[in-house]
Amino acid sequence: MMAALIKDPLFLLAYLAGVVGLVFQVSRVARLQGLFDRLPALVWTYFLPMLSTSVGLIPDDSALYRAMARYLLPASLVLLLISADLKAIARLGRTALVVMVAGCLGVALGCVVAFLILRPWLPAEAWKAAGALAGTWIGGSANLVAVGTALGLSPDLQGVIIIVDTVVGYTWMGVLIALAGYQDRFDRWNGADRSVVDGVGARLAERKARSARPISVPDATLMVGLAIVLTAVCVWAGGMLPPVGRVLNPFSWAIILLTTIALLLSLTPLSRLEEAGASTLGYAGFYLLLASVGAQGDLRKVASHPQFVLFGVIVIAVHAVVTLAAIRLLRAPLFFFGAASQACVGGYASAPVVAAIYQPSMAPVGLLLAVLGNVIGTYAGLLVAQGLSGLAA
């Protein structure tokens, strides 16, 4: 394999930051909106560094990537989770939450089914990869990184899971978009009550009207200080806790502690930092982290692990069956299937897009369901890994 052209950590960081900045600037070009609606910026921040690694421009392994995973990940999670409006999620209603839970359970069950079917052809640490895949398809890419890093998943397999997440996940997004054209016919057949959708939209309209305020120096310093201090405290505390099995190591303890504390802080006045853009700053750090994760995914490695593509297809199939069963039992509109499924598999970057395709006023539903998935994704991924580690022993 050829040596990478860019290896110095400073220049490597500059390259990744440049890619992320360029992607988001290009995404604002009006003539390219159709492209970015179908392939959001999230995909490009994965794919372009991945392509750069595959052609030998940047390395697939670097101390920079490990440092970003250890420190930038938890700091970004603090800013993302402290702004989670748990009360708004609860007000989405029983139908949305039940369908979302069914979707999450479908992903977890799918990982178990796929692991049992493909076990003879999977590598020894496949249980870690399954946990990372469960994390990202219940929550999002931040959960993939959190679970993969916490479990010590090798860069090679993490790169393969990133590719599966992108290829299989966004193929499924295309299927969900296609199904939107059949929702009226499906809802009549299912006897669905459409007033549920109208009620959710009315509640979210009030939330959307909440005004933001310009960020100030006190806001910015509080956000940065809170993220860094909480990261340091949780990394230190995680190192003090005893490991449990093969899953709960010091860093996984740190992520669990940080997630829990940040969610508790979201119930305090600190949640008002979102008005000044706390999650925006968190997303900025997260996308830079995401570029470093994509850089570890060499497309040439898929040839050595083709079974993981089939693994992902099986997971999606089980997830779809379980989620559709919930829609049928609840007599719920197909909208909730599209929104909840994409909130699981696609995350916050694409869930609002799919939700809006089903119902133009309902993009916030997809976003809030994706936030719910982001909240539980790390826990769920670690639980799936814990269960599969016993089967793999």
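# Exercises on a predicted model

About 40 Å³ of space lies in the second largest cavity. The structure is a predicted model, so keep that in mind as you work through these exercises.

**Exercise 1. Which residues line the second largest cavity, and which helices supply at least two of them?**

Solution.
- Step 1: start with the count, which comes to 2 cavities of 30 Å³ or more.
- Step 2: list the lining of the second largest cavity, made up of Leu42, Tyr46, Thr136, Gly140, Ser141, Asp165, Tyr170, Val345 and Gly346.
- Step 3: place these residues on the helices; H3 (41-54) and H9 (155-179) each supply at least two residues.
- Step 4: sort the lining by class, which gives 4 nonpolar, 4 polar and 1 charged residues.

**Exercise 2. What is the volume of the second largest pocket, and which residues lie closest to its centre?**

Solution.
- Step 1: the volume of the second largest pocket is about 250 Å³.
- Step 2: 16 residues line this pocket, and Arg66, Ala69, Thr149, Leu153 and Gln296 are the closest to its centre.
- Step 3: helix H4 (63-81), helix H8 (141-151) and H9 are the elements that give two or more residues to the lining.
- Step 4: H4 gives the most, with 4 residues.
- Step 5: by class, the lining of the second largest pocket has 6 nonpolar, 7 polar and 3 charged residues.

**Exercise 3. Find the salt bridges: how many are there, and are lysine 128 and glutamate 125 buried or exposed?**

Solution.
- Step 1: the count comes to 3 salt bridges.
- Step 2: aspartate 61 and arginine 66 meet through their side chains, at 2.7 Å from N to O.
- Step 3: check the surroundings of that pair. Aspartate 61 has a relative accessible area of 44%, so it is partly exposed. Arginine 66 is also partly exposed, because its relative accessibility is 49%.
- Step 4: lysine 128 and glutamate 125 form a salt bridge too, at 3.8 Å from N to O. Both lysine 128 and glutamate 125 are buried, and buried means under 20% relative accessible area.
- Step 5: finish with arginine 272 and glutamate 275, whose closest N and O atoms are 3.6 Å apart.

**Exercise 4. Where is arginine 331, and what is its phi?**

Solution.
- Step 1: look in the loop between helix H15 (307-330) and helix H16 (334-345), where arginine 331 has its place.
- Step 2: read the backbone angle; arginine 331 has a positive phi of about 55°, although it is not a glycine.
- Step 3: set this against the general pattern. Most residues other than glycine have a negative phi.
- Step 4: with a relative accessible area of 39%, arginine 331 is partly exposed.

**Exercise 5. Which residues form a nonpolar patch on the surface?**

Solution.
- Step 1: pick out Val29, Leu32, Leu35 and Leu39, which together have about 260 Å² of accessible area.
- Step 2: locate valine 29 in the loop between helix H1 (9-26) and helix H2 (33-38).
- Step 3: test valine 29 against the patch rule, which asks for over 30% relative accessible area. Valine 29 has 34% and is partly exposed.

**Exercise 6. How many residues apart in sequence are tyrosine 71 and threonine 231, and what is their C-alpha to C-alpha distance?**

Solution.
- Step 1: find tyrosine 71 in helix H4.
- Step 2: note that tyrosine 71 is partly exposed, its relative accessible area being 47%.
- Step 3: compare the two separations; tyrosine 71 and threonine 231 are 160 residues apart in sequence and 7.1 Å apart in space, C-alpha to C-alpha.

Key: Residues numbered from 1 in each chain as written. Predicted model: local features only at pLDDT ≥ 70, side-chain atom pairs only at ≥ 80, totals over all residues. Heavy atoms only, no water. Patch = residues over 30% accessible without salt bridge, like charges linked within 9 Å, V, L, I, M, F, W, Y side chains within 5 Å. Areas by Shrake-Rupley, 256 points an atom, 1.4 Å probe, with all protein chains shown as cover. Salt bridge = Lys/Arg side-chain N within 4 Å of Asp/Glu carboxyl O. Buried < 20%, exposed > 50% of the residue type's maximum accessible area, 1.4 Å probe, protein only. 1 Å grid on protein atoms, 1.4 Å probe; cavity = no way out; pocket = protein on both sides within 12 Å on 5 of 7 lines; lining within 4 Å. Points joined across faces, edges and corners; volume = space filled by probe spheres on them. Nonpolar A, V, L, I, M, F, W, Y, C, P; charged D, E, K, R; others polar.
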